[in-house]
Amino acid sequence: MVDRFHAAVVDASRDPRLFGDGGFPDTIEGRFESLVLHVMLVLRRLRNLPAPAGDMAQDLVDTVFAHLEIALRESGVGDMGVPKRMKKLGRAFYDRTAKYEAALEARDPASLAAELAKRLGGEAATYAGLAEYCLASETTLASRDLDGLLKSVDFSVPSLSGGMS
């Protein structure tokens, strides 16, 4: 079940409407940032649901990192380099999650856009649409119980600047 759930979150994080002007750069780093944001949004929802949602949250995190490790190996990182890179990815994941969560907790799109700009470059105003998308997605996810979330991970329909919708 967690593999299908993970795949749905990854698919959402790769929605082409999230990339380009006003969105994530279509790079490895941009895809990582999108993945972190989407996983974090789902984890926030799972944290507010009764058991066994906590177990599902841990399974999701474990699966995300297992797939990141596979991606590193497939990109040619050798056995000796994988642990070091995984540690770096873990730090990046948890650092971003903490910073993005603080902005979401405050329901502050300007603060979230500023955090995105720190990671993605450019001005915070560039990411205002992406920040609003995250807040709207959190609202959408909040309407789901665990069964509903596992059946369909729904995020808000992206409406970013630069003519994307």
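In this predicted model, the side chain of Arg 44 makes a polar contact with the side chain of Glu 138, at a distance of 2.4 Å. Arg 44 is found in helix H2, which runs over residues 28-47. Although arginine is counted among the positive residues, Arg 44 is buried here, because its relative accessible area is 10%, and the limit for buried is under 20%. When residues up to four places away in sequence are left out, Arg 44 touches Glu 101, Leu 104, Glu 105 and Glu 138; of these partners, Glu 101, Leu 104 and Glu 105 carry numbers that fall within helix H4, residues 82-105.

Helix H4 also holds a second residue that deserves attention, namely Thr 97. Thr 97 counts as buried because its relative accessibility is 8%. A polar atom of the Thr 97 side chain lies 2.8 Å from the backbone oxygen of Phe 93. Once neighbours within four places in sequence are set aside, Thr 97 is in contact with Val 36 and Met 40, and the numbers of both partners fall within the range of helix H2, residues 28-47. Thr 97 can also be placed relative to Val 61, which is 36 residues away along the chain, with 12 Å separating the two C-alpha atoms.

The table sets the two residues side by side.

| Residue | Relative accessible area |
|---|---|
| Arg 44 | 10% |
| Thr 97 | 8% |

The wider setting of these residues is a protein chain with 7 helices and 0 strands, so that, in the sense of the pattern read along the sequence, the order is α-α-α-α-α-α-α. Along its principal axes, the C-alpha trace of the chain spans about 40 × 35 × 25 Å. Why can the chain be compared with a compact globule? For 165 residues, such a globule would have a radius of gyration near 15 Å, and the chain has 15 Å, which agrees.

Of the 165 residues, 48% count as buried. Among the contacts with a separation of 6 or more, 61% come from residues 24 or more positions apart. The accessible surface of the chain comes to about 8500 Å², and carbon and sulfur atoms account for 54% of that surface. As for charge, the chain has 20 positive and 24 negative side chains, and the centres of these two sets lie 4 Å apart.

Methods:
Residues are numbered from 1 along each chain as its sequence is written. This is a predicted model: local features need pLDDT of at least 70, side-chain atom pairs count only at pLDDT 80 or more; totals for chains, interfaces and linings use all residues. Side-chain values use heavy atoms; hydrogens and water are left out. Helices (H or I, at least four residues) and strands (E, at least two) are DSSP runs, numbered from the N terminus. The radius of gyration is taken over C-alpha atoms; the globule rule is 2.2 Å times the number of residues to the power 0.38. Buried means under 20% relative accessible area, exposed over 50%, partly exposed in between (1.4 Å probe, protein chains only). Contact means heavy atoms within 4.5 Å. Accessible areas come from the Shrake-Rupley method with a 1.4 Å probe; for residues, only the protein chains shown count as cover. The place of a charge is taken as NZ of Lys, CZ of Arg, CG of Asp or CD of Glu. A polar contact is a pair of N or O atoms within 3.5 Å; within protein, one must be able to donate a hydrogen and the other to accept it, and residues adjacent in sequence count only if both atoms are side-chain atoms.
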